[in-house]
Number of protein chains: 2
Amino acid sequence: MKTIFLKDIAKHLGLSKTTVSLVLNNKGDEAKISTITQKKIFDYAKRNNYSPNHLARGLSRGKTETLGLIVPNIADSHYAVIAQQIEERTKEMGYTVVFSSSNENPKDEGKLIRTMLNRQVDGLIIASTQQNHNEIELLKKNNFPFVLIDRHYPEIDTYSIISDNFGGVKKATRHLIELGRHKIGFVTLDSKLEVLKLRKKGYLDTLKQNNMEFSMVKELDQIRYNQEMEAAIHDLINGTNTVDALIFSTHYLTALGLRELKKNKINIPKDIAVVSFDEMSAFDLLDPPITSIIQPVKQMAKQAAEVLINSIENKLIMEQKVNVLETEMIIRKSCGSN
Amino acid sequence: MKTIFLKDIAKHLGLSKTTVSLVLNNKGDEAKISTITQKKIFDYAKRNNYSPNHLARGLSRGKTETLGLIVPNIADSHYAVIAQQIEERTKEMGYTVVFSSSNENPKDEGKLIRTMLNRQVDGLIIASTQQNHNEIELLKKNNFPFVLIDRHYPEIDTYSIISDNFGGVKKATRHLIELGRHKIGFVTLDSKLEVLKLRKKGYLDTLKQNNMEFSMVKELDQIRYNQEMEAAIHDLINGTNTVDALIFSTHYLTALGLRELKKNKINIPKDIAVVSFDEMSAFDLLDPPITSIIQPVKQMAKQAAEVLINSIENKLIMEQKVNVLETEMIIRKSCGSN
DNA sequence: CCAAATAACTAAACCGGTTTAGGTAATTAT
DNA sequence: ATAATTACCTAAACCGGTTTAGTTATTTGG
């Protein structure tokens, strides 16, 4: 507030800015500043609660102790938790985070990356729209420290922390098969996102491995999925191809789907078993509670923060660049298993 | 990336840093720089996608176009939405936001405020723990631009954007009374937070106004509420004082409470009607869907961003400092009203 | 006793911009 | 023909730190 500067301390103690700066950066001993002088400086600084101007320091050091976080949407609980964990870990390690939502828009994401770069962040954590191959490649080429979280570019070799989307859906599908479901449907978005492609593949591959003949994938439009869910559910529960189980590829699709199933008086799990990939905080309160595949979100976030900061500070660098964390299936009553 | 600086442009065009800086800041005409020169500068800058070092600019201008956001916890959907909206509005107005969670800890909050200040943010938006009276007063005394959101210090005269917590609970209580409920209970946290005090007051005052004799408030510990909910619900549904309606003072208490009610095979709304202050995204999927009081969170956030930026830029300043926005009651089936 | 080493400290350049206070040369006014 | 403007541009200070390359006075070593 009533800001005090380095030169003020120096002037008041009859010393040079250099001495004060060295001491306050704990280089006093190294620079052989006498203990008495050091004490004087520390005391005076503390008494007037001096704290260095971060811009000035950043400018001269070329480092800001600030990380940029770009997510599709922090209002989404998935990313909110990621943000929270990253911020927490990051704060412990002496960094601050600036964030921005790309709204799943590649152009916005590109702009945000550039904005963050000229704000001189020391590194970036990006949950990418996955349509900025070039920007990401550029970051890599320029050796700018960054890590991808939640979504990665399989074709670019960089630090990526993701969860096992493929394996997660596999677990879910196997679970349903084991419970005797034969006509399992899959509701997802029509998207280029690697995660969604992998989830679909997890479903299809598992069916094939188990020689299941029936398969039915509904891919809703990324924007109009809200309106399209009604027709999709209608298709899935009527006609000859009525399903006896449904996997939703992400939490909000599950929520929408459940609403429709309810409207159609479908009994879960008797008529249709339901598994959700990702969950919302109230899924265990629903009747029946929804069996869900959950991602180790917190762990992913902490790891991303650590890997990034380590790579910034050139400490021990992770050996394998892509780290795939296991998902967990929480079995509740929506599949009739208990 | 392959960073280009002002002096590079200057050197390449045989001009001075001054000229280049003026032109790129659109002060070319004002400074009577010839159109030809201006064009050369703009072109060269664009071609080499120059963008000014934010630290340097901030240091010399004393302004960073960065806002600090301090919330109790961004993982909480309530604050996640606030963060998202603030970031969105703020981005439109040319600012960036750095955020941090105080974890409802006043000391941490104090530290965060100081950290943000020496990071030279231009202003702060704080959803305060409300136990940092002094820090807030200090901000005010030093004319540092800030606005309180969601929670305010009634005793400090500053910009505050809050919702009508008192009126919200009043609506809920009145609703229950009108539906013929006579023994309405209130579950909340034992907290000094003004919002929670107001919600309790809204409940108690409405009962009094309607000459209801019965009242029962359960105040759970702020940390152990999770464990305490079981006993609280037990008390509320057993003995002579069995309630026929419950109001939960915040979304996560509702979630916990519903879990307990379910465990005890309570029929909602037949045995007990339920209203939640604040909701979770799946509350409308529950059986029955939960009647909720919702706060105009998005509006609050946008307003906070606008008020802050306006006060930073000394544009039109809001006339009344405390802005109380109306809540809305979404009537679902948990009170038996339809 | 003098040279070398050391202790304690500092001047000044630098980071990359913005801004103030001019400086020339060409035009206009008288 | 000379003074006053004007058009166009710039040197240098400044923002508040960090860091390099010394300086000076005192010890130590031979």
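This is a short talk on a predicted model with two protein chains, A and B, and two DNA strands, C and D.

I'll start with how chain A is divided. There are three domains. Domain 1 covers residues 6-52. Domain 2 is made of two stretches, 64-163 and 298-326, and domain 3 is made of 165-295 and 329-335. The centres of domain 1 and domain 2 of chain A, taken over C-alpha atoms, are 37 Å apart.

Next, the two copies. What rotation superposes chain A on chain B? A rotation of 180°, with 0.0 Å of shift along the axis and an RMSD of 0.0 Å. The copies are therefore related as by a two-fold rotation axis. Both copies use the same surface, as 100% of the contact residues of chain A recur in chain B. If you want to find the axis on the screen, look for Val98(A), which comes closest to it among the residues of chain A, with its C-alpha at 2.1 Å.

Now the contact between the chains. On each side there are 43 residues: 43 of chain A touch 43 of chain B. Several elements of chain A supply at least two residues each to that side, namely H4, helix H5 (77-92), strand E2 (96-101), helix H6 (106-118) and helix H11 (251-263). Which of them gives the largest share? That is H5(A), with eight residues.

Let me turn to the sheet. It is an open sheet of 12 strands with mixed pairing. Read across, the order is E11(A)-E5(A)-E4(A)-E3(A)-E1(A)-E2(A)-E2(B)-E1(B)-E3(B)-E4(B)-E5(B)-E11(B). In that order, E2(A) is followed by E2(B), so this is where the sheet passes from chain A to chain B. At the edges stand E11 of chain A and strand E11 (322-325) of chain B. Each has a single partner strand, so one side of each has no neighbour in the sheet. On average, neighbouring strands are turned by 20° against each other, direction ignored.

A general point before the details. Strands of a sheet pair through backbone hydrogen bonds, either parallel or antiparallel.

Take strand E5 of chain A, residues 160-163. With strand E4 (residues 146-149) of chain A, E5(A) pairs in the parallel sense over two bridges, and there Ile161(A) is the bridge partner of Ile149(A). With strand E11 (residues 322-325) of chain A, E5(A) again pairs in the parallel sense, over four bridges. In that pair, Ser160(A) stands opposite Val322(A).

Where do the side chains of E5(A) point? Ser160(A) and Ile162(A) point one way, and Ile161(A) and Ser163(A) the other way. This is the pattern to expect, because in a regular strand the side chains alternate between the two faces of the sheet. Here, all four named residues are buried.

In chain B, one pair to look at is strand E1 (residues 66-71) and strand E2 (residues 96-101). They run parallel and are joined by six bridges. Leu69(B) stands opposite Phe99(B) in this pair.

On to the DNA. DNA strand D is surrounded by 26 residues, and the closest are Leu6(A), Ser21(A), Ala56(A), Ser60(A) and Ser60(B). H4(A) gives the most to the surface near strand D, five residues. DNA strand C is also surrounded by 26 residues, with Ser60(A), Leu6(B), Ser21(B), Ala56(B) and Ser60(B) the closest. The elements giving two or more residues to the surface near strand C are H2 and H4 of both chains, A and B. H4(B) gives the most there, with five residues.

Last, a few backbone details. Ile268(A) and Pro269(A) are joined by a cis peptide bond, with omega about 5°. Pro269(A) is in the loop between H11 and strand E9 (273-277) of chain A. Another cis bond runs from Asp287(B) to Pro288(B), with omega near 0°, and Pro288(B) is in the loop between strands E9 and E10 of chain B.

Two residues other than glycine have a positive phi: Gln130(A), near 65°, and Asn143(B), near 55°. Buried or exposed, in the case of Gln130(A)? It is buried, because 21 other C-beta atoms lie within 10 Å, and the cut-off is 20 or more. Asn143(B) has 9 within 10 Å, and is therefore exposed, as the limit for that is 12 or fewer.

Methods. Residues numbered from 1 in each chain as written. Chains lettered and ligands numbered in written order. Predicted model: local features only at pLDDT ≥ 70, side-chain atom pairs only at ≥ 80, totals over all residues. Domains from an automatic or database assignment. Least-squares fit on C-alpha atoms with pLDDT ≥ 70 in both. Contact = placed C-beta atoms within 7 Å. Pairing = 2+ DSSP bridges. Axes fitted to C-alpha atoms, helices over the stretch in contact; angles between N-to-C directions. Near = placed C-beta within 6 Å.
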